[in-house]
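User: Please take a close look at the surroundings of the ligand in this model. I would like one connected account of what forms them and how those parts pack together.

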Amino acid sequence: MDNRKRIFSAMRPTGRLHYGHMAGALINWVKLQDEYNCFWGIADWHAMMSDYADPGRLKDNCYEILLDWLAVGVDPEKASVFVQSHVKQHAEIHLALSMITPLGWLQRCPTYKEQILNLQNKDLSTYAFLGYPVLMAGDILLYKSFAVPVGEDQSAHLELTREIARRFNGFYGEIFPEPGTLLTPAAKMPGTDGRKMSKSYGNSLQIAEDMDTIWGKVRTMMTDPARERRTDKGTPEKCPVWDVHKFFNKDAQELSEIYEGCMTAGIGCVDCKKKLMVHLSEMMDPIQKRRTEFAKQRDDLKQILEAGAARARAVAEETMADVYRAMNLLH
Ligand code: SF4
């Protein structure tokens, strides 16, 4: 019995993860698993909500994301790692919470409008897509999570979950604690074109990519646009390569030399990028070795997911028993 405070977080299995996922979430997950009873979900139902017309890679993507997690250091002995649809209570709680969630809350949800605009190549005018915040709330409340790890810029997203919990508790009694936020410093990880790193922009450095591939991308990565020639002085704050340096380069002395060198044109961008590659390799080589090893053991991966789902189910069954009792369903 794990008596530590519970926290839940999840990622949608829509493809391989990139350095932005690592910087923004996974490295933090690895720390949290030592302190809290963590439930890390591979949110396949959430992936279905936007990709229902083309689920061909869904199963493979669940394994890809699991490999990325394990490679970075998510430890299935310390945290419950599972696929959302393997714990049927996620679907049950979604239905229960949908009874009490006013339509207007969902229609007004800013992320709903934003996603509809961003994903115009998909028909998202479905019942399920409108209700995705209800499933998200259910995911969190199912584990009576005391908090959810979120980046500094995302804490507003949790508010709807709290409102749904309050409304449920208002009707049926205090069943759900309102989850707080476990703020993580937002590590800025730009993509190769300087925009936010994202698979859909085609600007990402993937965790699974070997260092030759990464160098091919870093070599052509955007720098401070004002530094057209080697002799031009630069401003590191205007350079995405600098942001990546700040995350991966732990050598304070070298960082300050690069900063100074950039400002005075003492260092060229190619040399700056080569220095970055040394630090990327240092961090990513062991991660990639682990990923390759785990990828050979498909049966072990299945077992990790089965064991994680069993642990998640034990908590989820208790919560749903509370929910059915509170809603006065005959059980
Ligand atoms: Fe960016 Fe480095 Fe070039 Fe400066 S020297 S502009 S920090 S790549």
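Analyst: The model is predicted, and the shell around the ligand divides by class into eight nonpolar, two polar and three charged residues. In total, 13 residues surround the ligand, and the closest are G234, C239, C262, C269 and C272. Two helices, α11 (240-248) and α13 (269-295), each supply at least two residues of this shell, and the largest share, three residues, comes from α13.

These two helices also pack against each other: the axes of α11 and α13 come within 10 Å and cross at roughly 35 degrees, and the crossing in which α11 passes α13 is left-handed. On the α11 side the contact is made by V241, V244, H245 and F248, while α13 contributes C272, K273, L276, H279, L280 and M283. By class, the residues of this contact comprise seven nonpolar, two polar and one charged. C272 thus appears in both settings, being listed among the closest residues to the ligand and among the α13 residues that meet α11.

For the wider context, the domain assignment of the protein gives domain 1 (6-189 + 298-326) and domain 2 (209-291), with the C-alpha centres of the two domains lying 34 Å apart. Their contact takes eight residues from domain 1 and seven residues from domain 2. On the side of domain 1 that touches domain 2, helix α3 (residues 58-72) provides the largest share, four residues, and the residues of that side divide into seven nonpolar, no polar and one charged.

Definitions and conventions. Residues numbered from 1 in each chain as written. Predicted model: local features only at pLDDT ≥ 70, side-chain atom pairs only at ≥ 80, totals over all residues. Near = placed C-beta within 6 Å. Nonpolar A, V, L, I, M, F, W, Y, C, P; charged D, E, K, R; others polar. Domains from an automatic or database assignment. Contact = placed C-beta atoms within 7 Å. Axes fitted to C-alpha atoms, helices over the stretch in contact; angles between N-to-C directions. Left-handed = near helix turned anticlockwise from the far one by under 90°.
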